[in-house]
Amino acid sequence: MECYQQQFGGDYALGIRIPGYFQDISYRHDTGPAFTYTRGSRILKICVLPESLQDREITGAYRYTLMEMKANGEDDDCPAFVAIHFETDSPVAFEQVIFDRGRLQGLLNRN
């Protein structure tokens, strides 16, 4: 059983496939499952909110978000938010972005 299923239940439906180069960092006190792709101190994080709009803590939030975070040397457990790179409710559009490893590496290589 995947980490996100242990935290959110075995029947939690992500609605998308997660590339193998992302690590499942899901934690039960979060709104939904989360996955990270790390390169040095730069991190791309996928957040998957519940499918039902009523179950999302933030009104109008998209189900799928790809954001960039940056680890600071003092506290790697609490990386700083940098930017949101992509948000959508479309699983197809989101998978096109997260399975484009060249695009992801390009985001992490930017200054």
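This is a short tour of one protein chain, going from the whole fold down to four single residues. Keep in mind as you click around that the model is predicted.

**Stop 1: the whole chain**

Start with the cartoon view and colour it by secondary structure. You should find three helices and five strands. Now follow the chain from the N terminus: the order of elements is α-β-β-β-β-β-α-α.

Next, turn the C-alpha trace around. Along its principal axes, the trace spans about 35 × 30 × 30 Å. How does the radius of gyration sit with that of a compact globule? For 111 residues such a globule would come out near 13 Å, and the chain has 14 Å, which agrees.

Switch on the surface. The chain exposes about 6700 Å², and carbon and sulfur atoms supply 46% of that. As for what is tucked away, 39% of the 111 residues count as buried.

Now colour the charged side chains. There are 11 positive and 16 negative ones, and the centres of these two sets lie 8 Å apart. One last thing before zooming in: take the contacts with a sequence separation of 6 or more, and 44% of them are between residues 24 or more positions apart.

**Stop 2: leucine 44**

Select leucine 44, which you'll find in strand 3, residues 42-48. Is this residue buried or exposed? Leucine 44 has a relative accessible area of 0%, so it is buried.

Show what surrounds it. Beyond the residues up to four places away in sequence, leucine 44 touches Phe22, Phe35, Thr36, Tyr37, Leu66, Met67, Glu68, His85, Leu104, Leu107 and Leu108. Then draw a C-alpha to C-alpha distance from leucine 44 to threonine 59: these two are 15 residues apart in sequence and 23 Å apart in space.

**Stop 3: aspartate 24**

Move on to aspartate 24 in strand 1, which covers residues 23-24. Its relative accessibility is 18%, and because buried means under 20%, aspartate 24 counts as buried.

Which residues does aspartate 24 touch, not counting those up to four places away in sequence? They are Glu2, Cys3, Tyr4, Ala34 and Phe35.

Show the side chain as sticks and look for two polar partners. A polar atom of the aspartate 24 side chain lies 2.8 Å from the backbone nitrogen of tyrosine 4. There is also a side-chain to side-chain polar contact between aspartate 24 and serine 26, at 2.7 Å.

For a distance to try here, pick glycine 10: aspartate 24 and glycine 10 are 14 residues apart in sequence, and their C-alpha atoms are 14 Å apart in space.

**Stop 4: glycine 20**

Step back along the chain to glycine 20, in the loop between helix 1 (3-8) and strand 1. Buried or exposed this time? Glycine 20 counts as exposed because its relative accessibility is 81%.

Draw another C-alpha to C-alpha line, from glycine 20 to leucine 49. The two are 29 residues apart in sequence and 20 Å apart in space.

**Stop 5: glutamate 95**

Finish with glutamate 95, which sits in helix 2, residues 91-98. With a relative accessible area of 17%, glutamate 95 is buried.

What does glutamate 95 contact once you leave aside its neighbours within four places in sequence? Select Ile16 and Arg17, and you have its contacts on screen.

Terms used. Residues numbered from 1 in each chain as written. Predicted model: local features only at pLDDT ≥ 70, side-chain atom pairs only at ≥ 80, totals over all residues. Heavy atoms only, no water. Helix = DSSP H or I, 4+ residues; strand = E, 2+ residues; numbered from the N terminus. Buried < 20%, exposed > 50% of the residue type's maximum accessible area, 1.4 Å probe, protein only. Contact = heavy atoms within 4.5 Å. Polar contact = N/O pair within 3.5 Å; in protein donor to acceptor, adjacent residues only side chain to side chain. Rg over C-alpha atoms; globule rule 2.2 N^0.38 Å. Areas by Shrake-Rupley, 256 points an atom, 1.4 Å probe, with all protein chains shown as cover. Lys, Arg positive; Asp, Glu negative; His and termini not counted. Charge placed at Lys NZ, Arg CZ, Asp CG, Glu CD.
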